[in-house]
Amino acid sequence: MVPTQYYLILSAILFGLGAVAFVFKRNIITIFMSIELMLNAVNLAFVAFSQSFGKVHGQVFVLFVIVVAAAEAAVGLGIIILIQRNRQSLNVEKVNLLKL
Amino acid sequence: MSAVLLIFFVLAGLAIIGAVNLVWQKHPIHSALSLIVVMVCLAGLYLLMGAEFVAAVQIIVYGGAIMVLFIFVIMLLNAGEEERTDFSKIAKFVGLPLALALTASIAAAVVKPAAGLANATQVAIPKATEQISTMLFKEFVYPFELTSFLILVAIMGALVLAQREKK
């Protein structure tokens with residue numbers, strides 16, 4: 001079997017890549033996708049811990065995370081459509097009303 | 001090397017390649033497709049660990065619903081390649097080491113408490129799906145009901161946001 005630590009390290013790598021994408025990308029849709037990537041990485045750690053302790057609590061928690069991610073995606077994509085309608089651009093640098 | 005370990009490394013490598021490709025690609029549709037690769041690989045890893053129910057939910061909800069929503073919006077808004085603005089030179093040279101440091105510190109923080117399970121592997125939980133459903137409807141029944149309320153609010157919010165203003 002695979003040691004649990006391998007899964008945890010993979011989870012950390014995926015989370016780091018998601019954070020990098022979140023900071024580097026300029027397209028608001030891609031930024032949203034990187035949030036989903038980070039949530040997925042956390043889910044992987046949850047399931048790995050759940051399976052190594054032999055309890056299903058972690059997997060129940062993963063279900064809740066997935067539900068919240070789905071709700072977040074629905075509302076967030078609505079916001080993205082509004083931004084495109086108001087600014088005619090998906091670049092986050094164009095959303096600068098609160099910038100000095 | 002056992003077959004299970006080999007499968008793990010193949011799936012993990014594919015997942016990391018997909019995540020790197022998400023950062024690398026300029027067009028959002030390419031990023032979305034590589035994110036689907038990551039999600040399918042993670043579903044395979046869940047299967048490998050013996051969490052069949054989570055694997056099925058991952059494919060159905062993430063691969064089936066959320067990513068279709070993303071691709072739908074990309075197509076709807078006709079999103080083109082992202083315009084890169086000039087990065088400052090500092091961002092280029094400090095950003096990557098900082099990202100590496102973040103990954104390393106998360107890995108260290110997560111692996112360290114797991115030292116008690118240094119050689120731990122995954123145990124097969126008997127009747128895992130049955131246990132999950134029992135737990136969901138007994139111990140976690142209030143959070144579960146709250147999620148239905150959350151989804152209702154999200155539906156209404158998306159509708160209100162996306163409708164055109166009446167003149």
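1. A good place to start is the fold of chain A: from the N terminus on, its elements run α-α-α. In total, the secondary structure of chain A amounts to 3 helices and 0 strands. Please keep in mind as you read that this is a predicted model.

2. On confidence, chain A gives a mean pLDDT of 89, with 100% of its residues at 70 or more. Within chain A, helix H2 (residues 28–53) has the highest confidence, at a mean of 92. Helix H1 (residues 4–24) of chain A has the lowest, at 90.

3. Now for the overall shape of chain A. Its radius of gyration is 17 Å, whereas a compact globule of 100 residues would have one near 13 Å. The spans of the C-alpha trace of chain A along its principal axes fit into this point too: they are about 50 × 25 × 20 Å.

4. How much of chain A is buried? Of the 100 residues in chain A, 53% are buried. As for the contacts in chain A with a separation of 6 or more, 48% of them join residues 24 or more positions apart.

5. The interface between the two chains deserves a careful look on your screen. Here, 60 residues of chain A are in contact with 70 residues of chain B. On the chain A side, the elements that give two or more residues are H1, H2 and helix H3 (57–87) of chain A. The largest share of that side comes from H3(A), which supplies 20 residues.

6. What kinds of residue make up the side of chain A that touches chain B? They divide into 42 nonpolar, 14 polar and 4 charged.

7. Turning to chain B, you will find it divided into domain 1 (1–80) and domain 2 (124–167). The C-alpha centres of these two domains of chain B lie 22 Å apart.

8. How many residues of domain 1 of chain B are in contact with domain 2 of chain B? There are 4 in domain 1 of chain B, in contact with 5 residues of domain 2 of chain B. The residues on the domain 1 side of this contact in chain B divide into 2 nonpolar, 1 polar and 1 charged.

9. To pull the main points together for your own viewing: chain A is made of 3 helices, and its radius of gyration is 17 Å. Chain A puts 60 residues in contact with chain B, with the largest share of them from H3(A).

Terms used: Residues are numbered from 1 along each chain as its sequence is written. Chains are lettered from A and ligands numbered from 1 in the order in which they are written. This is a predicted model: local features need pLDDT of at least 70, side-chain atom pairs count only at pLDDT 80 or more; totals for chains, interfaces and linings use all residues. pLDDT is the predictor's confidence in each residue, from 0 to 100. Helices (H or I, at least four residues) and strands (E, at least two) are DSSP runs, numbered from the N terminus. Domain bounds come from an automatic or database domain assignment. Two residues are in contact if their C-beta atoms, placed from the backbone, lie within 7 Å. Ala, Val, Leu, Ile, Met, Phe, Trp, Tyr, Cys and Pro count as nonpolar, Asp, Glu, Lys and Arg as charged, and the others, Gly among them, as polar. The radius of gyration is taken over C-alpha atoms; the globule rule is 2.2 Å times the number of residues to the power 0.38. A residue is buried if 20 or more other C-beta atoms lie within 10 Å of its own, exposed if 12 or fewer, and partly exposed in between; C-beta atoms are placed from the backbone.
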